[in-house]
Amino acid sequence: MGCGRSIRSFARAAGPSRNAIKKDLKDDGPPGYQRQAPPVRHKLCNGFDLRLQELFDQDRKRPRRERRTARKLYERLVVDGYTGSCSPVHRFVRDPKRAGTGSGEAFIPLHSAAGDALQCDWSEERVVPGGVGQKVKVAHFRLCHSRKPFVVACP
């Protein structure tokens, strides 16, 4: 053990069982978990996968506001005789949605020639030149080609 205490006294003070402490002393690596078997995923069966695909395809043709949620599709399948849970229906609906819409990320490079374009914004600032306070309008420009800022203040 190395600290001069017995496993029993350490278990009494720390809380874990003696067997757990012995196991930890034998193992050199950090504690971990290894799944024994893959998770059980129930699937749609008896033709309900085809029926759900048909309902889903019908919904794709409808306007976005009129489409049914996964819960509503599940309720429709129950009316048709489906006895399974709602989870496979949610998985079925979620995966095609994700595949149809892409990753949701887009990158459109913006290229502009020197002097062609700039971005502009305005602000109102309070300054005190020579001890007299006054408001000034400030134009903030950023050149698109070089990304350099340019600022002009007007009384």
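In the predicted model, Ser112 is in contact with Cys144 and His145 when its neighbours within four places in sequence are set aside. Ser112 belongs to the loop that links α5 (87-101) to β1 (118-127). A further relation across the chain involves Ser146: the C-alpha atoms of Ser112 and Ser146 are separated by 9.3 Å, and the two residues are 34 positions apart along the chain. The relative accessible area of Ser112 is 24%, and this residue is therefore partly exposed, the buried class being confined to values under 20%.

Another loop residue, Arg147, is located between β2 and β3. The backbone of Arg147 adopts a positive phi of about 65°, although this residue is not a glycine. Arg147 has a relative accessibility of 42% and so counts as partly exposed, since the exposed class begins over 50%.

The strands β1, β2 and β3 form an open sheet, arranged in the order β1-β2-β3 with antiparallel pairing. The edges of the sheet are occupied by β1 and β3 (149-154), each of which pairs on one side only. On average, and with direction ignored, neighbouring strands of this sheet are turned by 20° against each other.

The antiparallel pairing of β1 with β2 comprises 10 bridges. Within this pairing, Cys120 has Phe141 of β2 as its bridge partner. The two strands β1 and β2 form a hairpin in which six residues lie between them. Gly130, located in the turn of this hairpin, has a positive phi of about 65°. On the other side of β2 (residues 134-143), six bridges connect this strand to β3, again in the antiparallel sense. Here Lys137 stands opposite Cys154 of β3.

Two helix pairs were also examined. Two packed helices are described by the angle between their axes and the distance between the axes. For helix α1 (residues 7-14) and helix α2 (residues 18-26), the axes come within 9 Å and cross at roughly 110°. Because this angle falls in the range of 65 to 115 degrees, α1 is roughly perpendicular to α2. The crossing of α1 and α2 is right-handed. On the side of α1, the contact is made by Ile7, Arg8, Phe10 and Ala11, whereas α2 contributes Arg18, Ile21, Lys22 and Leu25. By class, the contact of α1 with α2 contains five nonpolar and three charged residues, with no polar residue.

Helix α3 (residues 48-61) packs against helix α4 (residues 70-79) at an angle of about 135°, and the axes of this pair are 11 Å apart. The orientation of α3 and α4 is therefore oblique, as angles count as roughly antiparallel when they are over 145 degrees. The crossing of α3 and α4 is right-handed. Residues Phe48, Arg51, Leu52, Leu55, Phe56 and Asp59 of α3 make the contact together with Leu73, Arg76 and Leu77 of α4. Classification of the residues in the contact of α3 with α4 gives six nonpolar and three charged residues, and no polar residue.

Methods: Residues numbered from 1 in each chain as written. Predicted model: local features only at pLDDT ≥ 70, side-chain atom pairs only at ≥ 80, totals over all residues. Heavy atoms only, no water. Helix = DSSP H or I, 4+ residues; strand = E, 2+ residues; numbered from the N terminus. Buried < 20%, exposed > 50% of the residue type's maximum accessible area, 1.4 Å probe, protein only. Contact = heavy atoms within 4.5 Å. Axes fitted to C-alpha atoms, helices over the stretch in contact; angles between N-to-C directions. Parallel < 35°, antiparallel > 145°, perpendicular 65-115°, else oblique. Left-handed = near helix turned anticlockwise from the far one by under 90°. Nonpolar A, V, L, I, M, F, W, Y, C, P; charged D, E, K, R; others polar. Pairing = 2+ DSSP bridges.
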